[in-house]
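Here's a quick tour of one model, written for someone who likes to see how the pieces fit together. Have the viewer open while you read.

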Amino acid sequence: MVLQEFGEWFWWILAAALALAEMLTPGVYLIWLALAAAVVGALDLVIEWGWEWQAAAFAGLAIIVVLVARKMPYGSGRGKAFRTDESRFLNQRNLSYIGREFVLQNAIEGGRGKIRIDDGFWLVSSARDLPAGARVRVTGAEGSVLQIEEIS
């Protein structure tokens with residue numbers, strides 16, 4: 001049997017192969033099996049046990065790490081692996097500014113003005129006119145126009 005011929009090297013080779021396959025495929029699934037194989041390989045260095053016990057340990061560890069990974073925030077199995085807070089606003093950047101504070105670039109006249117955000121300018125609307133330089137908070141968005149209110 002392959003396990004008997006390679007000993008602990010089998011588990012290290014399997015872990016490396018699974019990690020390589022993880023890098024070549026989308027998603028975060030095989031890395032957990034690679035972790036289980038690496039742990040069995042490490043245990044095989046210190047424990048003398050038969051291949052049956054090694055295979056059982058791998059199966060048990062694989063189940064445990066996959067279940068733990070599914071419980072992690074944005075863990076694999078939920079399709080949201082490594083999602084950042086900002087990525088939930090992908091293609092809706094205007095919504096990511098709600099609640100943030102900025103300084104008016106241009107005065108608001110007739111209910112419209114501009115603020116500078118990062119390297120761009122955004123149109124804003126307000127219920128009342130405000131002078132340039134006023135501190136404002138974004139309260140909502142309608143299309144590409146941000147609704148703001150003055151901060152006292």
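What follows covers the barrel first, then a salt bridge, then a pair of helices.

Keep in mind that this is a predicted model.

**The barrel**

Let's start with the strands. Five of them, in the order β1-β2-β3-β5-β4, close into a barrel with mixed pairing. Going from one strand to the next, the twist averages 50°.

Strand β5 is a good place to see what "mixed" looks like here. It pairs parallel with β3 and antiparallel with β4. The table puts those two pairings side by side.

| Strand pair | Direction | Bridges |
|---|---|---|
| β3 (residues 120–125) and β5 (residues 145–150) | parallel | 3 bridges |
| β4 (residues 135–142) and β5 | antiparallel | 6 bridges |

Which residue of β5 is the bridge partner of serine 125? That's glutamine 147. Glutamine 147 is also the bridge partner of glycine 140, so to speak a handy residue to click on when you look at β5.

As for the β4 and β5 connection, the two strands form a hairpin with 2 residues between them. In that turn, glycine 143 has a positive phi of about 65°.

**A salt bridge**

The model holds 4 salt bridges. One of them pairs glutamate 101 with arginine 135, and their closest N and O atoms sit 3.2 Å apart. In general, side chains of opposite charge can pair when their charged atoms come close. This pair ties together distant parts of the chain: glutamate 101 belongs to strand β1 (residues 101–109) and arginine 135 to strand β4, with 34 residues separating them.

**The helix pair**

Now for the helices. Helix α3 (residues 30–46) packs with helix α4 (residues 51–71) at an angle of about 140°, and the axes are 8 Å apart. Why is α3 called oblique to α4? Because an angle of about 140° is not over 145, the cut-off for roughly antiparallel, and falls outside the other named ranges too. The crossing of α3 and α4 is right-handed.

On the α3 side, the contact is made by residues including Trp32, Leu33, Leu35 and Asp44. From α4 come, among them, Gln54, Phe58, Leu61 and Val65. Sorted by class, the contact of α3 with α4 has 14 nonpolar, 1 polar and 1 charged residues.

Technical notes:
Residues are numbered from 1 along each chain as its sequence is written. This is a predicted model: local features need pLDDT of at least 70, side-chain atom pairs count only at pLDDT 80 or more; totals for chains, interfaces and linings use all residues. Side-chain values use heavy atoms; hydrogens and water are left out. Two strands pair if DSSP finds at least two bridges between them. Helices (H or I, at least four residues) and strands (E, at least two) are DSSP runs, numbered from the N terminus. Axes are lines fitted to C-alpha atoms, for helices over the stretch in contact, and angles run from 0 to 180 degrees between N-to-C directions. A crossing is left-handed if the near helix is turned anticlockwise from the far one by less than a right angle, and right-handed if clockwise. Contact means heavy atoms within 4.5 Å. Ala, Val, Leu, Ile, Met, Phe, Trp, Tyr, Cys and Pro count as nonpolar, Asp, Glu, Lys and Arg as charged, and the others, Gly among them, as polar. A salt bridge is a side-chain nitrogen of Lys or Arg within 4 Å of a carboxyl oxygen of Asp or Glu.
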